[in-house]
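I set out to record, entry by entry, what I looked up in this structure. The structure itself is placed first.

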There are 2 protein chains.
Amino acid sequence: MLEVFKKYINDKASLPEEDLNEILSYAIIKKLRRRQFLLQEGDIWRYNAFICSGFVRTYSVDDKGTEHIMNFSPENYWTGDRESLTNETPSKFNIEALENTEILLFKKEDFEMLCRKISLFNNLVNNILHKSFLTSQSRIHSNISLTSEDKYNNFVLKFPTIANRVPQHMIASYIGISPETLSRIRSQATKK
Amino acid sequence: MLEVFKKYINDKASLPEEDLNEILSYAIIKKLRRRQFLLQEGDIWRYNAFICSGFVRTYSVDDKGTEHIMNFSPENYWTGDRESLTNETPSKFNIEALENTEILLFKKEDFEMLCRKISLFNNLVNNILHKSFLTSQSRIHSNISLTSEDKYNNFVLKFPTIANRVPQHMIASYIGISPETLSRIRSQATKK
DNA sequence: CGATTCTTTGAAAACAGTCAATCTGTGTGG
DNA sequence: CCACACAGATTGACTGTTTTCAAAGAATCG
């Protein structure tokens with residue numbers, strides 16, 4: 001399980017073994033079974049979380065009870081609520097395991113200390129942030145400029161493995177349309 | 001004009017005067033009149049750009065000729081196309097001055113060198129990235145979860161100064177609805 | 001197998017987009 | 001200073017898309 005994280009880091013940067021081990025010494029191992037929660041609405045999120053295996057979703061629930069999926073995080077991705085972490089405010093989101101999931105948690109203070117101490121790690125972390133930002137921008141662009149059908153096609157194109165791993169109504173929620181609409185879009189599309 | 005930048009940096013970090021001056025020594029001053037472009041679709045974006053005064057918008061144009069506004073950047077904000085800058089690929093976006101605008105440009109290489117050399121500056125830059133990320137996330141959340149009316153109200157609430165500075169049809173474009181729909185939403189709302 | 005979750009389908013209503021015309025306000029040049 | 005041009009906003013009529021609610025059909029899991 002720690003091996004997954006080691007491999008991930010080694011693929012991204014050439015960190016000295018001892019730095020890697022120091023980082024790992026702060027990792028808290030957390031295992032979730034399907035449908036368990038890593039974070040629940042109203043709680044303050046205090047970690048950086050790396051998914052070693054499994055699959056997690058981040059979503060909010062509005063006052064009508066409708067869920068809105070902000071993110072899917074499979075193995076080798078990070079998850080959490082940056083806003084709650086930064087401002088130490090109650091989270092608006094829930095993070096739920098969609099499969100049995102193994103996670104490494106790093107406490108905020110430990111993580112910041114490691115960033116300050118190990119500058120290669122700091123760079124790596126900022127690179128991830130940079131990539132996440134590009135991903136959000138691209139999602140915003142598709143939100144404001146595409147038709148529902150194109151939003152769906154674009155999602156499948158960009159995240160084929162996720163598209164195969166989650167129920168269709170969750171894709172609908174992620175792209176911001178109702179499950180019925182997505183079902184109809186798909187049945188229309190196959191008629192061609 | 002350089003004063004604006006100095007003030008901005010001093011508000012965010014306590015950089016030694018000499019570091020600040022070194023940074024400034026790489027700044028390229030650019031002035032745009034209203035309707036002039038900082039970047040045009042198809043060109044590769046090679047800078048980091050700080051707006052000292054004025055106001056700029058980033059938008060794409062789809063195949064129907066409809067514009068989609070990705071961003072508004074007033075004074076004391078950064079602008080550019082991170083994707084084009086990072087990957088050195090032609091930009092999908094246009095950046096146009098909505099008012100006469102004064103900008104400081106930093107070449108990619110210079111900027112990266114300054115980040116490497118001046119670690120406080122690096123931290124500052126990463127903080128800005130972090131904030132931009134939070135802003136995007138919040139925009140995505142409103143894109144996928146709000147009604148058109150609430151998207152508009154939310155925009156005005158979050159960016160009151162921008163809402164007062166741009167024509168209404170640009171707000172419509174930013175939130176992803178047609179100008180006519182926004183007009184109708186507003187007239188409905190005042191009837192209460 | 002039975003229970004639950006997921007997907008599909010139908011019909012009606014709400015919502016949003018399109019196109020074209022008109023109205024409003026602003027600023028520029030004669 | 002006025003008239004005109006221009007950009008922006010509004011409105012109407014129409015069309016198309018999406019949501020909603022309800023019910024039924026498939027698929028999956030324990």
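The entries below concern the chain contacts, the DNA surfaces, the core and one single residue. I note at the outset that the model is predicted.

**Entry 1: contact between the chains**

I began with the two protein chains. I found 21 residues of chain A in contact with 21 residues of chain B. On the side of chain A that touches chain B, strand 5 (67–74), helix 3 (82–87) and helix 5 (119–145) each give two or more residues. Helix 5 of chain A supplies the largest share of that side, with 14 residues. I then sorted the residues of this side of chain A by class and obtained 6 nonpolar, 11 polar and 4 charged.

**Entry 2: DNA strand C**

I next looked up the protein surface near DNA strand C. There are 15 residues around this strand, and those that come nearest are A:P167, A:Q168, A:S183, B:S148 and B:T181. At least two residues each are supplied by helix 8 (168–175) and helix 9 of chain A and by helix 9 of chain B. I recorded helix 9 of chain A as the source of the largest share, 6 residues. The classes are 3 nonpolar, 8 polar and 4 charged residues.

**Entry 3: DNA strand D**

I repeated the search for DNA strand D. Of the 15 residues around it, A:S148, A:S178, A:T181, B:Q168 and B:S183 come nearest. Two or more residues each come from helix 9 (179–190) of chain A and from helix 8 (168–175) and helix 9 (179–190) of chain B. Here helix 9 of chain B gives the most, with 6 residues. By class I listed 3 nonpolar, 8 polar and 4 charged residues for the surface near DNA strand D.

**Entry 4: the largest nonpolar core**

I then turned to the largest nonpolar core, which has 58 residues. Those touching the most other members are A:L38, A:I103, A:I171, B:L38, B:I103 and B:I171. In soluble globular proteins, nonpolar side chains tend to be buried together. I followed A:I103 further: beyond its neighbours within four places in sequence, A:I103 is in contact with A:K30, A:L32, A:L38, A:A49, A:F50, A:I51 and A:C52.

**Entry 5: B:M113**

Last, I looked up B:M113, which lies in helix 4 (residues 108–117) of chain B. Is B:M113 buried or exposed? I entered B:M113 as partly exposed, because 13 other C-beta atoms lie within 10 Å. I also noted the separation of B:M113 from B:I23: 90 residues in sequence, and 9.9 Å in space from C-alpha to C-alpha.

Methods: Residues numbered from 1 in each chain as written. Chains lettered and ligands numbered in written order. Predicted model: local features only at pLDDT ≥ 70, side-chain atom pairs only at ≥ 80, totals over all residues. Near = placed C-beta within 6 Å. Helix = DSSP H or I, 4+ residues; strand = E, 2+ residues; numbered from the N terminus. Nonpolar A, V, L, I, M, F, W, Y, C, P; charged D, E, K, R; others polar. Contact = placed C-beta atoms within 7 Å. Buried ≥ 20, exposed ≤ 12 C-beta atoms within 10 Å, placed from the backbone. Core = buried A, V, L, I, M, F, W, Y, C linked by C-beta atoms within 7 Å.
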